[in-house]
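Thank you all for making time this morning. I would like to walk you through one structure, beginning with a single residue and its surroundings and working outwards from there.

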Amino acid sequence: MRADAMPPLVTPASGCGGTGPELARFGDPRALPALMLGPVGLPPAAGAERVSTASTVVESTAASLVYRHGPALPVTEVCDQWLPWLRARDARAVVAVPGEASAVLADILGRLRRSVDLGALVAVEVDLSAPQASSDPQHCLRVMSRTRELLPRDVGRHAKFDTRSPDLIGAARHAVAGGATALVLSGATPVGTAAAMAGPAVLPITVALVSSVREAIDQGRVPPVPLIGVGGVGDEAGARRLLEAGASGVQVGTALFTDPGVLWRLTSDLAPADRDRRDQG
Amino acid sequence: MTPAPRGAVPPAATGAGYLRPFEVEVVSVRPDGAGERIWVSVPTSAGTAAPGQFVLVPPGPEQPRMFSDGWWLTGAEEHPVHGARWEVATPALGWRPGDRLEVIGPMGRAFPVPRESVTCLVVGYETGQAPARWCAAVLGERGHRVSLALVARDSDHHRDLATTRRLADRVLVVDGLAPPGGDPWLQALTRMVVDEAADVLYAAGPTTLCRQAAEVAAAQGRVSQVTMYEPGSGLGCGIGLCQGCLITVTGAQQVRPCVVGPVLPGAVVLTTDRQAGR
């Protein structure tokens, strides 16, 4: 797959896809465009505090879930365990990485690149949604170009933004200039400083983000690049709303918690129309 | 031969052999202290169940929720005529025979049963009493000496106590212990382990209680098996995706107890200092 090819049509959202074996109990991972590993981080230093046992889930209602960001999946575990696991099953994954400190990012990407199972890696999703990252377009450019330097060219580079970005279009333009091959737009909405809300309630926010960036692309303010919508997608109707708004792919997050089979259903329901679209494109 | 294009899902990709919801019918209902116990008829293809396993109940369209409900399994039997049945401990929902519901299961790793004859102490806290009771019954059937401790914050939160006497050699009913945590728990657990001379400690209930049970067992030089995920606590998907139950175990590896557990060997869930000292 070339990095400038279309991004995977349906994947789990970052932090909602487990590590592979969990979803593989519900269906054949080979039949999915890609799974999602992460967000990954560096392994904790030896003797470090144990991970807090406080749940990542703060509150759940009928249509929304408030969550804290959980501990990162150690990149060593990804390279030693999960990429080999996926590759042995002919399945593939996107790996979500932090877009904050470039030394950490370089270390993570270096470890991924040296993994013998790099073949299972479709793309990395660089999380540029934190306010300090997305408010500085130059930071977005630097992080994405560093990612381009450190990874083989056939691995996709997705830049992820959400509603916290004060200048989404400017940040997106710089991310693409730095080498992003797709933009991931998340409707997850901050709740206070340490938590966020996801679930069906945020679908309109995701649709609006995708529409606004698509409009900016049409006006030439952002170079043409595929968009991926994430936030509130749980069925075919929701996914089609995002595709009609201009997305080329969707990610499914909280909907997986009650119904992991939705990944396979969306993949088979959306694939025919998507193939036509990609052929035309 | 060219491989099938990605995105074309063959029917087999989510078919037999994979977990998916199936419909069960309620065949009998019994009040069970603070909750209810129902027997449901299940297809024989659903497999056998064991103490420590649970079922997930996905939300229906009329009652959207972000997580499935989770209920402990408390019994399983296979009848040559009536087929397979499971017993499930549920909240008091007013079940009636003939009700139908969708479940996924049986989920998780069950309590292991020792091969040699040993003395066991099984501790269950509130909803955890349901699997504890079944665990004690199974241990007893296999010839182990079993003490069963049923613990709750007050008498209103116990499950049915009337039938428990038959299940174990000794039954302890303890209440007045507030939601677990702190020294009173450590003391109560230590006293029970010592008094019952238990070789193996089983604990089912909230993770704080179970971690403490593992600590007590390690301090006394006993083996323990504890549940590190509580179905139905509302904070977790039960299938390993949401990270709601993520813990770090010996070897600094993160595990999702709802998938690799809920029953984990107590030795892997101890705090760092005790692991380091081993």
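Let us begin with Val97(A), which, once its neighbours within four places in sequence are set aside, is in contact with Val40(A), Leu105(A), Ile108(A), Leu109(A), Leu112(A), Glu125(A), Val126(A) and Asp127(A). Before going further I should say that this is a predicted model, and that everything I describe is computed from it.

Val97(A) belongs to the largest nonpolar core, a set of 102 residues, and is listed among those with the most contacts inside that core, together with Leu37(A), Leu112(A), Leu128(A), Phe161(A), Ala175(A) and Leu183(A). There is also a second, separate core, which has 31 residues and includes Leu121(B), Leu189(B), Cys210(B) and Val269(B). As a general background to both, nonpolar side chains in soluble globular proteins tend to be buried together.

Stepping back to chain A as a whole, we find 10 helices and 14 strands. Its radius of gyration is 17 Å, close to the 19 Å that the globule rule gives for 281 residues, so chain A is as compact as a globular protein of that length. The C-alpha trace spans about 50 × 40 × 40 Å along its principal axes, and 58% of the 281 residues count as buried. Of the contacts in chain A with a separation of 6 or more, 73% are between residues 24 or more positions apart.

At the surface, chain A exposes about 10,700 Å², of which carbon and sulfur atoms supply 52%. The chain carries 27 positive and 28 negative side chains, and the centres of those two sets lie 4 Å apart.

Now for two alanines in chain A. Ala172(A) sits in helix 6, residues 168–177, and counts as buried because its relative accessibility is 0%, under the 20% cut-off. Beyond its neighbours within four places in sequence, Ala172(A) is in contact with Phe161(A), Leu183(A) and Val222(A), and two of these, Phe161(A) and Leu183(A), were named a moment ago in the largest nonpolar core. Ala237(A), by contrast, lies in helix 8, residues 236–245, and counts as exposed because its relative accessibility of 52% is over the 50% cut-off. The C-alpha atoms of Ala237(A) and Leu266(A) are separated by 9.8 Å, although the two are 29 residues apart along the chain.

In chain B, I would point to Ser224(B), in strand 11, residues 223–227, which is buried with a relative accessible area of 6%. Its contacts, again leaving out neighbours within four places, are Leu201(B), Ala214(B), Ala217(B), Leu264(B), Pro265(B) and Gly266(B).

Finally, some backbone details that may deserve a look on the screen. Most residues other than glycine have a negative phi, and most peptide bonds are trans. Which peptide bond is cis, with omega near -5°? That is the bond from Gly105(B) to Pro106(B), and Pro106(B) is found in strand 6, residues 100–107 of chain B. A cis peptide bond also joins Gly261(B) and Pro262(B), with omega about 10°, and Pro262(B) is in the loop between helix 4 and strand 14 of chain B.

As for phi, Asp90(A) has a positive value near 60°; this residue lies in the loop between helix 2 and strand 7 of chain A and is partly exposed, at 46% relative accessible area. Gln243(B) has a positive phi near 65° and is placed in the loop between strand 11 and strand 12 of chain B, where Gln243(B) counts as buried at 11% relative accessibility.

Definitions and conventions. Residues numbered from 1 in each chain as written. Chains lettered and ligands numbered in written order. Predicted model: local features only at pLDDT ≥ 70, side-chain atom pairs only at ≥ 80, totals over all residues. Heavy atoms only, no water. Helix = DSSP H or I, 4+ residues; strand = E, 2+ residues; numbered from the N terminus. Rg over C-alpha atoms; globule rule 2.2 N^0.38 Å. Buried < 20%, exposed > 50% of the residue type's maximum accessible area, 1.4 Å probe, protein only. Contact = heavy atoms within 4.5 Å. Areas by Shrake-Rupley, 256 points an atom, 1.4 Å probe, with all protein chains shown as cover. Lys, Arg positive; Asp, Glu negative; His and termini not counted. Charge placed at Lys NZ, Arg CZ, Asp CG, Glu CD. Core = buried A, V, L, I, M, F, W, Y, C linked by side-chain atoms within 4.5 Å.
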